[in-house]
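Me: I've got a protein model open and I keep tripping over the vocabulary. Can we go through some of the terms together?

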Amino acid sequence: MRILLAILLSAMTSLPSAAEPIVLKFSHVVAVGTPKGKAAQRFKDLAEKYTGGAVRVEVYADSSLYKDKEEFEALQLGAVQMIAPSLAKFSPLGIHSFEVFDLPFLFDTEEQLHRVTGGEVGRSLLESLEVRGIKGLAFWDNGFKSFSADRAIRRPQDLRGLRMRIQSSRTLYEQMRTLGAQPEVMAFSEVYQALKAGVVDGTENPHSNLFTQRMHEVQSHVTVSRHGYLGYAVLTNLRFWDSLPGRIRDALERAMAEASAYANSIAAMENAKAIDRVKAFGGTAVYELTAEERAEFRRVLLPVHRKMEDRIGRDLVRAVYRATGFDATID
Ligand code: LMR
């Protein structure tokens with residue numbers, strides 16, 4: 001009888017009570033003060049508000065829970081319920097189409113990008129993740145990348161021979177190879193140390209990442225080049241999502257829509273503030289490419305589009321060109 005009671009008691013205590021909140025762990029790799037860090041916090045506040053506390057969101061920033069590649073595994077295993085990886089990091093899933101966002105000089109403005117992420121192409125990209133047990137909820141902006149290095153970069157040949165850290169994208173690998181650099185795939189959390197120790201000579205990132213990871217402190221030069229884009233998709237575990245009661249899912253969708261609008265409204269401004277802070281720091285030379293210099297990078301890097309289209313998907317690349325009005329002519 002006593003054993004039966006113990007089993008019953010243990011079963012009762014291991015079951016969540018009606019008042020116990022659903023815990024949603026949200027893991028990401030950047031600092032709290034970045035566009036993604038701020039948007040994750042906004043999502044938490046709104047999700048908890050709109051569910052009346054029925055959901056508790058725990059945000060783990062700065063790779064404090066998982067690093068780049070681990071995040072995907074943790075999501076698929078259900079160890080976390082939400083992540084927002086860079087669009088350049090989806091290939092380890094066996095899905096290469098997201099590398100379309102890595103094609104150099106594909107977007108000139110955020111408006112062009114939003115025509116893709118907010119349209120049919122964006123919707124079908126998110127849907128394509130479902131075969132991996134992942135539900136894509138939204139796209140969040142970061143911004144255009146700059147090069148940083150331990151030497152001045154003004155022309156494509158200035159990158160020749162440099163060991164450049166990249167995200168895990170074959171397209172970014174080709175981009176760096178085309179410039180004559182030596183690409184090194186590395187987790188975001190390791191970049192600062194690697195730059196400091198001279199394991200790599202340079203990297204590329206939007207200014208908000210550069211500044212909040214203090215990369216500028218270990219790089220003598222930053223070149224504002226806007227040669228490529230870095231943004232995110234917010235992902236959840238499909239089984240987890242489908243298991244939620246409808247009213248909770250609705251509330252989370254509402255919170256996500258508002259957090260996404262917020263993310264996309266602050267990203268450009270956050271990046272502008274970050275480069276001002278890098279300049280104010282004083283120890284790093286910040287150089288903005290002239291229109292002619294930028295055109296030279298574009299001319300050198302445009303062949304990467306042709307090289308990668310089989311991997312990314314010819315139809316997808318064409319659909320993005322159509323949505324943005326991309327002009328493949330070289331000036
Ligand atoms: C990087 O690895 O450089 C970025 O993807 C980090 C991030 O999440 O913005």
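Me: Which residues line the largest cavity?

Reply: Bear in mind that this is a predicted model. The lining consists of Val-29, Val-30, Lys-36, Ser-86, Lys-89, Arg-165, Gln-167, Phe-188, Asn-205, Asn-209, Leu-230 and Tyr-232.

Me: What makes this space a cavity?

Reply: In a cavity, a 1.4 Å probe fits but cannot get out. The count here comes to one cavity of 30 Å³ or more, and the largest cavity holds about 70 Å³ of space.

Me: Where does the ligand sit?

Reply: The ligand sits in the largest cavity. That wording asks for more than half of its atoms to lie within 2 Å of the cavity's grid points.

Me: What makes Lys-89 a polar contact of the ligand?

Reply: The cut-off for a pair of N or O atoms is 3.5 Å. A polar side-chain atom of Lys-89 is 2.7 Å from a ligand oxygen, so the pair counts. Arg-165 also has a polar side-chain atom 2.7 Å from an oxygen of the ligand. For Asn-205, a side-chain N or O atom lies 2.9 Å from a ligand oxygen, so that pair passes too.

Me: How much of the ligand does the protein cover?

Reply: On its own, the ligand has 270 Å² of accessible area, and the protein covers 100% of that.

Me: How do the residues around the ligand divide by class?

Reply: You get five nonpolar, four polar and three charged residues in the shell. Lys-36, Lys-89 and Arg-165 are in that shell, and they count as charged because Lys and Arg belong to that class.

Me: Which domains does the shell draw on?

Reply: Domain 1 (21-93 + 108-141 + 231-268) and domain 2 (146-228 + 273-323) each give at least three residues to the shell around the ligand.

Terms used: Residues numbered from 1 in each chain as written. Predicted model: local features only at pLDDT ≥ 70, side-chain atom pairs only at ≥ 80, totals over all residues. Heavy atoms only, no water. Near = heavy atom within 4 Å. Polar contact = N/O pair within 3.5 Å; in protein donor to acceptor, adjacent residues only side chain to side chain. Areas by Shrake-Rupley, 256 points an atom, 1.4 Å probe, with all protein chains shown as cover. 1 Å grid on protein atoms, 1.4 Å probe; cavity = no way out; pocket = protein on both sides within 12 Å on 5 of 7 lines; lining within 4 Å. Domains from an automatic or database assignment. Points joined across faces, edges and corners; volume = space filled by probe spheres on them.
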